[in-house]
Amino acid sequence: MSERKDEDEQVVSLLEEAPRPSDAAGLSPRIVTALYCSTMAINGGMVGAFGPSLETFHRTTHLSPGQLGTAVLANRLAKLFGTVLWAWYAERISASAARGALSAPLMLRPHAAMAVGLATSAASCAVIGFTTSADALRFVVAASGVPYGFTDSACIMLTLWLWRSDAGRQRGAVAVVNVFFTGGAFVTPILVAASLHYLEATVWPAFHTLAAAAILAAAALSCTPSPAPERKSSAASRSTAELDAVSSESEPSELLPKGQSRAGVASTGDSGGGDEGYGDEGGGTPDARGHARREGEAGGGGGAAGGASPDSRGGSRASLGGSLAGGGSEGRRAAVLIAAAGVIGFFANGCEHTAATWLSPYGVRWCGLADERMAVMTSNYWTSMSAGRVAWAVGSSFVKSAWPVLLLNIALCSIGSLLFCSTSEGALLAAALSLGVGVSSIFPALVSLPAELRVEMTPQRLAVLQLMASAGEMLCPFAVGILFQMRMYSSFGPALTGMQAVAFTALATAFFVFRTPQPSYRPIRPADAVFH
């Protein structure tokens, strides 16, 4: 039996020493990140090109604005499906890595799956560029949301895996990837405007350019090794081994009588809410503790007789490495963090798209400004957002914590929302600029916050953030649109302010939960030993 355990440990050590796919290929992580940036730019370009093309679609397909709006809503719903599909796929990969497999038991590697998604996006752009069929346009616009959601989530998750060894660079890489999404959404409307002006009201050059870029990115990704997920079981065993080594050096075995069980020795922990004893039966020597730990690993957490083994509390001790088990205070704190981040992402993304959609109608119908001036103001809004994301990408690697950044962003959004209650043009411009900068880096900071707090960003948790952000992107503009339909234009500013109030409450809740001191394990000192 012991020989089989030794063989298992050797297999695990070989798997841990095996080179990562990107390391084996000798590729720089910056090159792989550049491919993710190009993918995000294509996704952003599709989003940015569709809005200015609506009038052309109306003329060529005779679809009404309501039917086109329904197609956009179907696109966002399909994006949610693509996000869930990536979460399922990534979980399969993570589970395979946790079992010690060198490759996922799936047909496609992550980069190959992304290449399939990009090829689908390329076909969609090609059809959108030249079709005059109403049914074809509605189907393609709706179906293109699936690869959009899949590749969007994949870029964020794979960036986290690629840069997991350095939290600062990881934060910066996520910020850069999001900058390119905004850049794509900024550039393609310019291409659409140029083609409308110089090519007799056609929009195909922008969409065909996106199709060509998507094909090139798909070809590059299909030839590039994918980053591997963190092997959670290996990380947990390494963390436990390090802690047990420290405990072995700090706990002299001669302090306890020979044959004395350590079950009576109190130990403070944060995983079960009570005192637990070490269950070593042979005098508590390091060899006995190591034997019990190996039995716990082989038997699913069972310890030696007389109490729980140190490894049975691996979920708590593995918190040093970012493990998040479902139970215990660490699991509850992680659940609070993900829930709060989801709420913040919901209202941040909702506020961003609400302002982008309804800023111009608000200025025209309630403030009495001209269409041209509101178009320029909307452009300034996107420009300020792009500038904010570029600033975050440059400075995020030097930021030690995302908490003050999130607080500053929500404060800027709140100021902008309050300024929207005014009807003067200067106040509206200041509100648009403040809101654009405020929403620019909220989501990138949210994605990198768990790593800062040693909370593992699993595929399910990233899917929760993506789904909440996409839901806010759909529901918040829809709710404000209903208010505008009821001619309640004055509710625009208060509605945005209410969103920020909820986001600030969620941020404060997560901050105080993670700033509350938690009990932790410590080595048993001579004064802790109690003899009866």
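A salt bridge, as I use the term today, is a side-chain nitrogen of Lys or Arg within 4 Å of a carboxyl oxygen of Asp or Glu. Hello everyone, and let me start with a pair that fits: Asp135 and Arg138 form a salt bridge, with their closest N and O atoms 2.9 Å apart.

Before going on, a word about what we are looking at. This is a predicted model, where local features need pLDDT of at least 70 and side-chain atom pairs count only at pLDDT 80 or more, while totals for chains, interfaces and linings use all residues. Residues are numbered from 1 along each chain as its sequence is written, and side-chain values use heavy atoms, with hydrogens and water left out.

Back to that pair. Asp135 and Arg138 are separated by about one helical turn, because they sit three residues apart in helix H7 (residues 134-143). Helices here are DSSP runs of H or I with at least four residues, strands are E runs of at least two, and both are numbered from the N terminus. As a reminder, an α-helix has 3.6 residues a turn, so residues three or four places apart point the same way.

Are these two side chains buried or exposed? I call a residue buried under 20% relative accessible area, exposed over 50%, and partly exposed in between, using a 1.4 Å probe and protein chains only. Asp135 is exposed at 54%, and Arg138, at 33%, is partly exposed.

How many salt bridges are there by this rule? The count is four. Another of them joins Glu352 to Arg389, with 3.6 Å between the closest N and O atoms. That pair ties together distant parts of the chain, 37 residues apart: Glu352 is in helix H14 (residues 328-365) and Arg389 in helix H15 (residues 371-395). Both Glu352 and Arg389 are buried.

Then there is Lys79 with Glu473, whose side chains meet at 3.5 Å, N to O. Here the partners are 394 residues apart, Lys79 in helix H5 (residues 65-98) and Glu473 in helix H19 (residues 459-485). Lys79 and Glu473 are both buried. Arg76 joins in as well, giving a salt-bridge network of Arg76, Lys79 and Glu473.

H5 and H19 come up again at a cavity. By cavity I mean a set of points, on a 1 Å grid over the protein atoms alone, where a 1.4 Å probe fits but cannot get out; lining residues have an atom within 4 Å of a point. The structure holds two cavities of 30 Å³ or more, where points are joined across faces, edges and corners and the volume is the space filled by probe spheres set on them. The second largest has about 30 Å³ of space.

Which helices supply at least two residues each to the lining of that second largest cavity? They are H5, helix H8 (145-162) and H19. H19 gives the largest share, four residues. Among the lining residues are Thr83, Trp86, Met157 and Gln466. By class, the lining has six nonpolar, three polar and no charged residues; nonpolar covers Ala, Val, Leu, Ile, Met, Phe, Trp, Tyr, Cys and Pro, charged covers Asp, Glu, Lys and Arg, and the others, Gly among them, are polar.

Staying with H8, look at Phe150. Phe150 is buried at 9% relative accessible area. Its C-alpha is 4.4 Å from that of Gly82, although the two residues are 68 apart along the chain.

Now His111, in helix H6 (residues 110-130). His111 is buried, with a relative accessible area of 0%. What does its side chain reach at 2.9 Å? The backbone oxygen of Thr224. The backbone oxygen of Pro225 lies 3.3 Å from a polar atom of the His111 side chain.

Two arginines are worth a look for their backbone. Most residues other than glycine have a negative phi. Arg454, in the loop between helix H18 (442-452) and H19, has a positive phi near 60°. Arg487 also has phi near 60°, and is found in the loop between H19 and helix H20 (492-515). Arg487 is exposed at 64%.

Finally, H20 itself. Its 24 residues reach 35 Å from first C-alpha to last, close to the expected 34 Å, the expected span being 1.5 Å times one less than the number of residues. Buried residues of H20 include Phe492, Leu496, Met499 and Phe514. Thanks for listening!

Terms used
1 Å grid on protein atoms, 1.4 Å probe; cavity = no way out; pocket = protein on both sides within 12 Å on 5 of 7 lines; lining within 4 Å. Polar contact = N/O pair within 3.5 Å; in protein donor to acceptor, adjacent residues only side chain to side chain.
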